[in-house]
Amino acid sequence: MAYQWKEQLDRLMKAGAAYADVRHYPKDDSLFMVMLNGNMLSFEQGRESGFGVRVLADGAWGFAASSNMADITGTFDKALSNARAAAKRLTRPIRLADKEVLSGSFTSPADLDTLSVQRDFQADFLQKMDKALAQKGVSQRISYISAQSKTIEYYDTEGAKIVKHIRELFPAIMVRGKDADGEAQERKYSPPRLGKTRGYEIMKEEHWLPEAERIVRELNQTLTAPRCPHDVRSVILMPDQMFLQVHETIGHPLELDRILGYELSYAGGSFVRLSDFGSLQYGSKKLNVRADALLENSPGSFGYDDDGVKAQNYMLIKDGVLVNAITSRQMVTEANERAGKQIFTSSGGTARATAFYRTPLERMTNISVDPGTDGTLQDIIASTEKGIVLSGDKSWSIGSNREQFHFANDYAYLVEDGQVKEVVRNAAYSGDTLPFYNSLSAVGDESTWQVQYVPNCGKGMPSQVMQLGHGVPVCRFDNVKVGE
Amino acid sequence: MQIKQAVEQLKALRAYAISKNVRATLSLHREDSHLVRLANSGVSLNTSEALTRVSVTAYADKKTAGVQVMCDLADKETLLEAVDKASEMLQYASPLNYSPTFPVIDESSEDRAGYDEGLAHISNEDILAYINTAAEGLENEDIKLSGNFSVGSTLSINLSTATEHTVVWQATDAQITLVLSSLQDKWEINAEQSAARLSDLDPKAMRKRLSFLRDKYLTCEAQQLPLGPCRVVFGAAATAEYLSLLCYLGVDGGMMKRDNSINLKEDIGKQRLSEKVSLIEDPACLDTFAIPADNHGRRRKKKAWYDKGVFTGFIWTQDAADEHGETATGHDVAHLSYSLLPGDQKVNELEELSALAKEGDLLYVPYLHYTGVVNATEGLITGTSRFGALMFKQDGSIVVPYNVRFTEKLGDLFGEKLRWLSSETTVYNTSSTYDARNPEALAVPKLMCCDDVKVEISNKSY
Ligand SMILES: [Zn+2]
């Protein structure tokens, strides 16, 4: 195939293209198994295959994709004609930042590719989980396995040749019950990074059974708990909530395409302006955030992005000050031009596409908060006068420029005078992004730090779902509005 | 794609499944999609996707398993493998505690009334001409155009090994969003359109709305609204968002059984919402891309699920009915083409709201951004205003409010808080482009007015 792709790319260049790349997916396999109250309601496998061509001509992008390998020439031509048509409404010719031309490969770490494991192992696992979750107080029990295994071959007209074998596994268990008011409450567990592998070997009963027991116990505590008070207090976010806080109010607003207005017609913009880099006090001095695509064993690590740029680890927020963004080749050039100075030195290597029939966009890699020096969870609780510990993402809603947010949680307990008090139900909190991060008053140490995975980050038009990670410690924020 | 040829190829696949003693449903989904994306007043992306998906679901007693492949229909090897694989997977599927109904299609049907050749083959040039007309004279150094012009056609074919009959549906659709935004101030306004045929495209209507809002955003005072209750007039996008959630959390029997519904079985026949609310499904409405026959070949009928606020019953898909011992209602279909019937308030356009504000300030919220279900059984929904909110003041002035957040219950908004519904309806396109193309739209009153909607967060700037 390689020869054929090169020939087609050369043909586009001869026809006047300035740049082109092709991503060929010989296979993009998926598996989805769901067991709900003892019934395997979904047992599905999928295979997508095809190719997508991106062409830069007359200063504009054109893209075309097909699942029909018999129509390669027609699809390449379509991409070029789409670029030419797009160029008829052009305000700023696209220029790509320089990159090192690379050949290489990347494979997600996994001993056992979930798609290759005997299916009866997986059915057996779901049955065991279902049995473990069938306890008093539980009206609905759900366990599922979602996995992907794909091969991506990338070629561009600058000479890059990259092959990636991406393997993902996102299992989870969940229980739901009804409280005294007839309202549903739920608790779930999807594992953070476990060890060094993305493979099926993480599905060990001895790990999962205690977690099943825990979520049932915590659900039952919530079912009989009083309602969360409506007041202002410190919130202590556990990693299974902190990751989403970071995702929605640091990750998304720092995507450079959002900052430059490329998502205004759908996902939204960002309150961040180009003039903020190097000066905006995003959070308190305790806040240090990085985009780390080199973090071992995470869906936010992928070797090379879909611009063919090598994965990197760099700071976004240093001691509370905004210093960099989530960037691609196209956007860094445009940002520097629009700012009239060099803010970004090169692409951060974050352009990724979700499928062969979608185009690469700025995507979070592993947007992680560095561990701090405020000790363990117990230490943070002990130093909190009036607070609430929040765990488990139940709902989320964020302003279109990511300037404010509302989150609700599955599990919460109050803290008074440094002591753990009662569990409460229907906990939620809301706030404005910048004041919130500037109220960051405690950052947990390494013992509290976990890498949480996001299997379903939505963005773009046509829309795309991407997988990524967040390494986060327990964090405390003060003076936050709490309640339903 | 030639429909006749595709049906023949699927029938050949059916014959193969029968020869292997596999009981299965076979379905084809073909999309030809084209999307022009705009940002910073230029075309930022121009994409075409031609994708064919074939799904095989194998059935055994108390078991099912499915395989979906994306390939060309000429790729026989992949298609036959899909049948073999689905059959092989059955042995690993855990048995259900009920028997799933195997689809038996009693008669063939072909519904193509929603397919328009002109819209299916709209050119790049015509799309650009539409955009240029809609935005004519509205952009400048600070005000930039963004948007999406998503257009395409969808073909679905369903059959099973039980009979030779096929269910064919084909439609064209376009979903257009244009946004004007200020680089400096960060305000954003939009206009949207849904089209089922080429003649539905009306760029001048888009321009009229953008121009009206742009004028207000440039000339009226901008303000942070106080927290607390206010009278809100929701536009079609916001109403459609709440209505989608009402359909999702209110009418689906399977959701009720999962403790995920605002209604219980004992609520059937009860007055659950305002008398002003009649929610119907209309399988003949081409504007909402209705699919007249479900995947089992059952012809759908027009029906009210809330009749003047009275909840009339749950929808049961075949799977949910089988699992819970209910009778399927014939709704195994991608979407249900719902309509919220209009009311009696003869106020249908933005320009008419000023006069109405004499009775009290009106906050116009056209669109809700990023709604979240805070509590499913309570129907508690949170979301933020976006894209052109206006405050029509009692004194006749208009103020541009910064965005606000509401967290409200569906039962209240469509219940005691509902003040009036417009006398005219419009179609709001709710399609998403996340997965396979599946056009979807709701018919909603142009405006919906609710009292006592609480502003919970009020932004300090755009
Ligand atoms: Zn996201």
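# Questions on chains A and B

Student: In β11(A), which residue is the bridge partner of A:K318?

Tutor: Start with the strands. β10 (residues 313-318) of chain A pairs with β11(A) in the antiparallel sense, over two bridges. Strands here are DSSP runs of E, at least two residues, and helices are runs of H or I, at least four, both numbered from the N terminus. In β11(A), the partner of A:K318 is A:V321.

Student: What kind of model is this?

Tutor: Residues are numbered from 1 along each chain as its sequence is written, while chains are lettered from A and ligands numbered from 1 in the order in which they are written. Side-chain values use heavy atoms and leave out hydrogens and water; local features need pLDDT of at least 70, side-chain atom pairs count only at pLDDT 80 or more, totals for chains, interfaces and linings use all residues, and the model is predicted.

Student: Which residue in the loop between β10 and β11 of chain A has a positive phi?

Tutor: The residue is not a glycine, and its phi is near 45 degrees. The loop between β10 and β11 of chain A holds A:D319.

Student: Which are the edge strands of the open sheet β11-β10-β9-β14 (chain A)?

Tutor: Four strands form this sheet, with antiparallel pairing. Two strands pair if DSSP finds at least two bridges between them. An edge strand pairs on one side only, and here those are β11 (321-322) and β14 (367-369) of chain A.

Student: At what angle does helix α5 of chain A run to β14(A)?

Tutor: Angles run from 0 to 180 degrees between N-to-C directions, on axes fitted to C-alpha atoms, for helices over the stretch in contact. Contact means heavy atoms within 4.5 Å. Helix α5 (residues 239-251) lies across β9 (289-292), β10 and β14 of chain A, and its angle to β14(A) is about 120 degrees.

Student: Where does the cis peptide bond from A:M461 to A:P462 fall?

Tutor: The bond has omega near -10 degrees. A:P462 is in a loop of chain A, between β20 (450-459) and β21 (464-472).

Student: How much area do chain B and chain A bury between them?

Tutor: The contact draws 87 residues from chain B and 91 residues from chain A. Buried area is the accessible area (1.4 Å probe) that two parts lose on being put together, summed over both. Of it, 45% is on carbon and sulfur atoms, and the total is about 7,100 Å².

Student: Which three residues supply the most of the area that chain B buries against chain A?

Tutor: Together they supply 10% of that area. No other three residues give more than B:Y92, B:Y370 and B:Y434.

Student: How many salt bridges cross the interface of chain B and chain A?

Tutor: A salt bridge is a side-chain nitrogen of Lys or Arg within 4 Å of a carboxyl oxygen of Asp or Glu. One pair is A:D432 with B:K460, at 3.1 Å, N to O. Across this interface the rule finds seven.

Student: Why does the salt bridge of B:D259 and A:K178 join two chains?

Tutor: The side chains meet at 3.8 Å, N to O. B:D259 lies in the loop between α7 (253-257) and β10 (279-281) of chain B, and A:K178 lies in strand β6 (residues 161-178) of chain A, so the pair joins two chains.

Student: What is the bridge partner of B:L380 in β19(B)?

Tutor: Strand β16 (residues 380-386) of chain B runs antiparallel to strand β19 (residues 404-409) of chain B. Five bridges join them. In β19(B), B:L380 has as its partner B:K409.

Student: Which residue of β3(B) stands opposite A:R47?

Tutor: Strand β2 (residues 39-57) of chain A and strand β3 (residues 63-70) of chain B run parallel, joined by five bridges. Opposite A:R47 stands B:V69.
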